[in-house]
Amino acid sequence: MSKATLNTDTVHRVGFLDKASLHIPILRILQADGTTYETAVLPIIDETLATKIYDTCVFTRVLDERMLGAQRQGRISFYMTCTGEEAAIVGSVAALEQEDVILAQYREHAALRYRGFTTEQFMNQMFSNEKDLGKGRQMPIHYGSAALHYQTISSPLATQIPQATGVGYSLKMQGKRNVAICYFGEGAASEGDFHAGLNMAAVLKCPVIFFCRNNGYAISTPTEEQFAGNGIASRGVGYGMHTIRVDGNDMLAVLAATQQARAYAIEHNAPVLIEAMTYRLGAHSSSDDPSGYRSKDEEAKWQQHDPVKRFKLWLINKGWFAEADDVKLHEKYREEVLAAVKVAEKIPVPMLDEIIEDVYDKPTPVLKKQLSDLKEHIKKYPQAYPKSAGRL
């Protein structure tokens with residue numbers, strides 16, 4: 001083993017290390033009442049940035065509320081909220097530059113909104129209509145936007161982690177002063193892709209921020225049943241990368257940590273791991289019932305740590321916002337989202353021929369045959385495919 005990578009201190013009695021041997025503090029800046037800790041060092045933030053952050057949070061809360069309702073009404077097939085995790089997502093994306101590349105898991109639509117994704121674009125994706133950037137081929141909330149440097153979400157868990165290492169390596173090879181940020185939950189950190197991705201990034205010195213949303217559950221599996229170690233942060237240290245643990249419900253702490261992580265990653269062409277300790281206030285997805293694995297008392301306790309409310313209090317304390325402004329903002333987005341739903345659900349789905357485009361440079365004979373068979377099937381049973389029957 002190289003002496004450059006290993007501690008060569010020696011001892012002469014057996015002494016084992018355990019998870020308590022590595023002390024990992026948690027960064028907190030903002031208190032529950034909207035004031036900051038006396039000795040806290042604030043991130044770089046002004047009124048314009050703070051207002052944009054809060055605006056994104058409110059839009060996302062309203063979107064989650066409305067679209068979960070739309071799913072229950074049968075208007076869309078699936079939905080996932082980021083309720084309770086907004087500080088982790090918005091606080092981190094606000095620390096980035098527009099051309100930094102985002103590789104999300106599936107609960108980071110707030111980051112896409114912060115980048116400029118419009119209400120209409122959200123609706124077109126969820127209704128899979130002909131204006132959807134993904135051409136109607138993805139399930140709802142699996143967004144992607146090349147213009148906003150947001151890689152398309154895929155359903156398999158953790159695949160974005162080694163991909164982020166590749167993106168970071170590419171940015172480095174091109175000489176760009178940008179980073180890739182990769183979001184994932186602590187459950188995804190149990191996948192082999194996590195270990196391969198982090199190890200490659202550390203060895204190849206890739207400018208990647210690995211951002212773990214530790215929200216306490218991998219769907220229904222609590223953290224104590226997922227791992228016995230000191231959370232996810234200890235793994236970053238094990239792979240030889242700069243690591244920090246933050247209060248994921250503290251907008252200012254997340255912003256500060258990510259600002260400095262980005263600066264370090266670019267300056268040293270090296271990865272950073274951020275573990276944000278947060279909580280998923282809603283269900284895992286519209287297909288989940290959390291009452292089967294956690295109590296109402298537990299949820300009520302975490303409601304008291306609502307990251308959006310905490311940040312709003314800080315804005316009010318700064319004199320940058322008022323309760324009356326908050327009421328108007330919520331009303332504005334409720335009307336906007338509802339209006340966009342009514343428009344998007346009436347836009348037809350893509351023409352059926354588009355289903356085999358973009359798979360290869362030119363559609364293969366096999367794909368053409370499959371498309372022909374599909375058309376014949378739909379013509380035979382048009383009542384079973386009311387949206388597609390008119391788009392042959």
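Helices here are DSSP runs of H or I with at least four residues, and strands are runs of E with at least two. By that count the chain has twelve helices and nine strands. The model is a predicted one.

**Whole chain**

Start with the full chain in view. Its C-alpha atoms fill a box of roughly 80 × 55 × 45 Å along the principal axes. The radius of gyration is 23 Å, which agrees with the value near 21 Å for a compact globule of 392 residues. Of contacts between residues at least 6 apart in sequence, 74% join residues at least 24 apart.

Switch to a surface. About 19400 Å² is exposed, and carbon and sulfur atoms supply 53% of that area. Of the 392 residues, 49% count as buried. Colour by charge next: there are 44 positive and 47 negative side chains, and the centres of the two sets lie 4 Å apart.

**The cores**

Select Ile53, Met67, Met123, Met126 and Phe311, the residues with the most contacts inside the largest nonpolar core, which has 74 residues. Add helix H1, residues 47-72, which gives the most to this core, with eleven residues.

Now centre on Phe311. Beyond its neighbours within four places in sequence, Phe311 is in contact with Leu30, Ile45, Ala50, Ile53, Tyr54, Met251 and Leu252. Another core, of 24 residues, lies apart from the one just shown; Val101, Leu171, Phe194 and Ile232 are among its members.

**Ala95**

Go to the loop between helix H2 (86-93) and strand S2 (101-103), where Ala95 sits. Ala95 counts as buried because its relative accessibility is 11%, and the cut-off for buried is under 20%. Show the residues around Ala95: leaving out those up to four places away in sequence, Ala95 touches Leu255, Thr258, Gln259 and Arg262. For a long distance line, join the C-alpha atoms of Ala95 and Lys379, which are 52 Å apart in space and 284 residues apart in sequence.

**Two loop residues with positive phi**

Most residues other than glycine have a negative phi. The next two stops do not follow that pattern.

Select Lys135, in the loop between helix H4 (119-126) and strand S3 (150-151). Phi of Lys135 is positive, near 60 degrees. With a relative accessible area of 28%, Lys135 is partly exposed.

Finish at Asn269, in the loop between helix H8 (251-268) and strand S9 (272-277). Asn269 has a positive phi of about 45 degrees. At 29% relative accessibility, Asn269 counts as partly exposed.

How values were computed. Residues are numbered from 1 along each chain as its sequence is written. This is a predicted model: local features need pLDDT of at least 70, side-chain atom pairs count only at pLDDT 80 or more; totals for chains, interfaces and linings use all residues. Side-chain values use heavy atoms; hydrogens and water are left out. The radius of gyration is taken over C-alpha atoms; the globule rule is 2.2 Å times the number of residues to the power 0.38. Buried means under 20% relative accessible area, exposed over 50%, partly exposed in between (1.4 Å probe, protein chains only). Contact means heavy atoms within 4.5 Å. Accessible areas come from the Shrake-Rupley method with a 1.4 Å probe; for residues, only the protein chains shown count as cover. Lys and Arg count as positive and Asp and Glu as negative; His and the chain ends are not counted. The place of a charge is taken as NZ of Lys, CZ of Arg, CG of Asp or CD of Glu. A nonpolar core is a set of buried Ala, Val, Leu, Ile, Met, Phe, Trp, Tyr and Cys residues joined through side-chain atoms within 4.5 Å.
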